[in-house]
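Please open the structure in a viewer and keep the selection tool at hand. The tour proceeds by selections, each followed by a description of what is to be found there.

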Amino acid sequence: MFVRRREDVNTVNWGNGTSSRLLVEQDSMGFAVAHTVVKAGSSSMLKYSRHLEACYCIAGSGAVVEHDGTRHEIVPGVLYALDEHDAHHLQAVDHEDMHLISVFNPPLRGDEAHSLDPSGYSSY
């Protein structure tokens, strides 16, 4: 068993926020867990080609918008799962950061960061 505190792990600036990597590939758990902060007012075009991801909102609010324009409001207590390597826009409302617990399979190495560009989806 091991116990970790958010302030004791590697935190990566992923482009429009931060990701505190609580569990990573090196931990040999078969998945990764991160505390993701999405900056207030930001919009990020994302698509994970190597990972499946599920995100559970614990604070703040925003939306995840599918490639076809379908919009899902995200508030505390809502989970969304990108089960088909889905291209999506992740948006936080203007007045507060959105906090997510993100689970990745296969696990992240822990140093990945997005290269955000309005002309396309960022992936790692």
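Select Arg 109 and Asp 111 in this predicted model. Their side chains form a salt bridge, in which the closest N and O atoms are 3.0 Å apart. Arg 109 is partly exposed, with a relative accessible area of 47%.

Next, select Arg 5, Glu 7 and Asp 8. These residues are joined into one network by salt bridges that share partners. Within the network, display the side chains of Arg 5 and Glu 7, which meet in a salt bridge of 2.1 Å, N to O. Glu 7 has a relative accessible area of 54% and is exposed, because the limit for that class is over 50%.

Move on to Arg 71 and Glu 73. Here too a salt bridge is found, with 2.7 Å between the closest N and O atoms. Are the two partners exposed or partly exposed? Glu 73 is exposed, at a relative accessible area of 52%, whereas Arg 71 counts as partly exposed, at 47%. The count of salt bridges comes to five.

Now select Tyr 48 and Phe 104 and display their rings. How are the two rings arranged? The count of aromatic pairs comes to one. That pair is formed by Tyr 48 and Phe 104 in an edge-to-face arrangement, with 5.5 Å from centre to centre and 75 degrees between the planes. Tyr 48 lies in the loop between strand S4 (43-46) and strand S5 (52-59), while Phe 104 lies in strand S10, so the pair ties together parts that are 56 residues apart in sequence.

Switch on a surface display and keep this pair selected. Are the two residues buried or exposed? Tyr 48 counts as buried, at 5% relative accessibility. Phe 104 is buried as well, with a relative accessible area of 2%. The class requires a value under 20%, so Tyr 48 at 5% falls within it.

From Phe 104, step to Val 103. This residue also belongs to strand S10, which covers residues 98-105. Val 103 has a relative accessible area of 32% and is partly exposed, whereas Phe 104 is buried.

Extend the selection from Val 103 to Phe 2, Met 29 and Phe 31. Together, the four residues form a nonpolar patch on the surface, with about 320 Å² of accessible area. Val 103 qualifies as a member in terms of exposure because its 32% lies over the 30% that a patch residue needs.

Finally, select the whole chain and change to a cartoon display. Which secondary structure elements does the chain contain? There are zero helices and ten strands, and the order from the N terminus on is β-β-β-β-β-β-β-β-β-β. The radius of gyration is 14 Å, close to the 14 Å given by the globule rule for 124 residues, so the chain is as compact as a globular protein of that length. Along its principal axes, the C-alpha trace spans about 40 × 30 × 25 Å.

With the whole chain still selected, colour the residues by accessibility. Of the 124 residues, 42% are buried. The accessible surface of the chain comes to about 6,600 Å², and carbon and sulfur atoms account for 51% of that surface. As a last step, display the contacts. Among those with a separation of 6 or more, 66% are between residues 24 or more positions apart.

Definitions and conventions. Residues are numbered from 1 along each chain as its sequence is written. This is a predicted model: local features need pLDDT of at least 70, side-chain atom pairs count only at pLDDT 80 or more; totals for chains, interfaces and linings use all residues. Side-chain values use heavy atoms; hydrogens and water are left out. Patches are made of residues with over 30% relative accessible area and no salt bridge: like charges are joined within 9 Å, nonpolar side chains (Val, Leu, Ile, Met, Phe, Trp, Tyr) within 5 Å. Accessible areas come from the Shrake-Rupley method with a 1.4 Å probe; for residues, only the protein chains shown count as cover. Helices (H or I, at least four residues) and strands (E, at least two) are DSSP runs, numbered from the N terminus. Buried means under 20% relative accessible area, exposed over 50%, partly exposed in between (1.4 Å probe, protein chains only). Rings of Phe, Tyr and Trp (its six-membered ring) pair if their centres lie within 6.5 Å; planes under 30 degrees apart count as stacked, over 60 as edge-to-face and the rest as tilted. The radius of gyration is taken over C-alpha atoms; the globule rule is 2.2 Å times the number of residues to the power 0.38. Contact means heavy atoms within 4.5 Å.
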